[in-house]
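Please find below some notes on the model, set out as numbered points. They take up helix packing, the relation between the copies, and the surroundings of a DNA strand.

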Protein chains: 2
Amino acid sequence: MGIIERKDKHKSNLRKQILAAAKALFLQEGYEGTSIRKIASAIEYSPTTIYLYYREKNDILLALQKEGFQLLRSRFAILSKVDNPLERLKAIGRSYLQFALENPEFYELMFVMKEPLKSLEKGLQKEWDDGKKIVESLLFVLEGCQQKGYFTGQDPYYFSIMVWSQVHGLAVLYLHGHLSYIVKKDTANIPESNALVDAVFERFVHYTSMESRENTV
Amino acid sequence: MGIIERKDKHKSNLRKQILAAAKALFLQEGYEGTSIRKIASAIEYSPTTIYLYYREKNDILLALQKEGFQLLRSRFAILSKVDNPLERLKAIGRSYLQFALENPEFYELMFVMKEPLKSLEKGLQKEWDDGKKIVESLLFVLEGCQQKGYFTGQDPYYFSIMVWSQVHGLAVLYLHGHLSYIVKKDTANIPESNALVDAVFERFVHYTSMESRENTV
DNA sequence: TTTTTATTTGAACAGTGTTTAATAGTTTTG
DNA sequence: CAAAACTATTAAACACTGTTCAAATAAAAA
């Protein structure tokens, strides 16, 4: 059965090649610049061949989305070193925002675009596993906070959505250029806007009583 | 000069006709379903004619965006009846979220899509006047709060971006179907999800010390 | 070597935003 | 009134897009 194995290997290789080409295009040219024809010409195959390995374009986007989630999760994994759950929660928030600003195209794919999820609905499973894990890790840290006496008596489910909404909203407003139209003076360049996002997040930390003063009460 | 006036009237009429057709298509079929050819056939003109009244498609989107902003501002205007600035701030937040959930296509156009702003960059003015007014009204109410002793010592600029990010993030996560994958049980239907958005916003109100308990301190 | 099977692709369909050049319709001028 | 000038409109084309069908090629089995 060595022949079949070789075939399968070729098949999975081509699948990976398609995905790699799609990823390169997506990160360089963005969503607009990632067409089936461009992916095909990058791997020197005909556009029709793509459809033998991916049912539709959204399937490729979904696969790329998955890569993005793994990337973000690997960043979160590092933060497990932080013992204090409250500090870890804050670190997750900062890490999330940093990821969004550093990987705008990935972030778009993961949390903004509807297309990848469309493919999910058509497919076998209806569960958004990778996205779920991200929010679950937030929930986990939050429950850790409650065990240490923070945010007690609050539903961690609603609280996690609140935190997620805060960082997501901030990221999207900035990435889509809706913040640059209201920034003070002429601070529309990247480093200063990064500082803006940081500053706003710190305000959020302050107002949600995530500050260390709560630690001593 | 009656002839020239008649001509101008015809011109502005056709402009309005195009916009009305585009609006109808946009609200019914969404962005995807709003093509130049469809707009043209709706007003029974050729696609080329559209370009005599709008430089590009994004110009039409920008005009529709403006209508959306006026709609939202008219909703905010009603809230001027609320005398207490803190209550008005909360009412604005709820009104904003309600608008987003009730007018998903408009919201997309106003605060998510990049396309309308692209047209703005190409045009004469680089200022996003209509969007600015929305955030300015938030800033105004916030400063009213500070005059009454709420959120003192805080930069109203950062605070307003924080509040905006919170409601925006919540709206977008919900509208783009990213919340429905994490909702408890099977509460993916509209009315219950509305309640979810409300509940999360109330948590935000609580955590930012916008609750009435702050009133009596 | 022929038949069967797996893999790849050219061509086409139905769209998209946009531009160029040609055509009708109207007004002004000689 | 006829001719020139100007305005409004559009047919056709360009360069794309995602996707599908049937034909062609390459590889394996009989």
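1. In this predicted model, helix H5 (residues 85–102) of chain B and helix H9 (residues 156–175) of chain B have axes that come within 10 Å and cross at roughly 25°. Because angles under 35 degrees count as roughly parallel, H5(B) and H9(B) are therefore roughly parallel to each other, and their crossing is right-handed.

2. Which residues make this contact in chain B? On the side of H5(B) they are B:Gly93, B:Tyr96, B:Leu97 and B:Ala100, while H9(B) contributes B:Val163, B:Val167, B:Leu170, B:Ala171 and B:Leu175. Sorted by class, the contact of H5(B) with H9(B) holds eight nonpolar residues, one polar residue and no charged residues.

3. In chain A, helix H5 (residues 85–102) packs on helix H9 (residues 156–175) at an angle of about 25°, with the two axes 10 Å apart, and that makes H5(A) roughly parallel to H9(A). The crossing of H5(A) and H9(A) is right-handed. The residues through which the helices touch are A:Gly93, A:Tyr96, A:Leu97 and A:Ala100 of H5(A), together with A:Val163, A:Val167, A:Leu170, A:Ala171 and A:Leu175 of H9(A); by class they divide into eight nonpolar, one polar and no charged.

4. As for the relation between the copies, a turn of 180° with a shift of 0.0 Å along the axis lays chain B on chain A with an RMSD of 0.0 Å, which is the relation of a two-fold axis. Among the residues of chain B, B:Gly169 comes closest to the rotation axis, its C-alpha lying at 1.7 Å.

5. Do the copies meet through the same surface or through different ones? Since 100% of the interface residues of chain B are also interface residues in chain A, the copies meet through the same surface.

6. Turning to the DNA, 18 residues lie around strand D, and those that come nearest are A:Ser35, A:Glu56 and A:Lys57 along with B:Ser46 and B:Thr48. The helices that each supply at least two residues of the surface near DNA strand D are, in chain A, helix H2 (36–42) and helix H3 (47–53), and, in chain B, helix H1 (2–29) and helix H3 (47–53). By class, the residues of the surface near DNA strand D divide into seven nonpolar, five polar and six charged, whereas the contact of H5(B) with H9(B) has no charged residues.

How values were computed:
Residues numbered from 1 in each chain as written. Chains lettered and ligands numbered in written order. Predicted model: local features only at pLDDT ≥ 70, side-chain atom pairs only at ≥ 80, totals over all residues. Least-squares fit on C-alpha atoms with pLDDT ≥ 70 in both. Contact = placed C-beta atoms within 7 Å. Axes fitted to C-alpha atoms, helices over the stretch in contact; angles between N-to-C directions. Helix = DSSP H or I, 4+ residues; strand = E, 2+ residues; numbered from the N terminus. Parallel < 35°, antiparallel > 145°, perpendicular 65-115°, else oblique. Left-handed = near helix turned anticlockwise from the far one by under 90°. Nonpolar A, V, L, I, M, F, W, Y, C, P; charged D, E, K, R; others polar. Near = placed C-beta within 6 Å.
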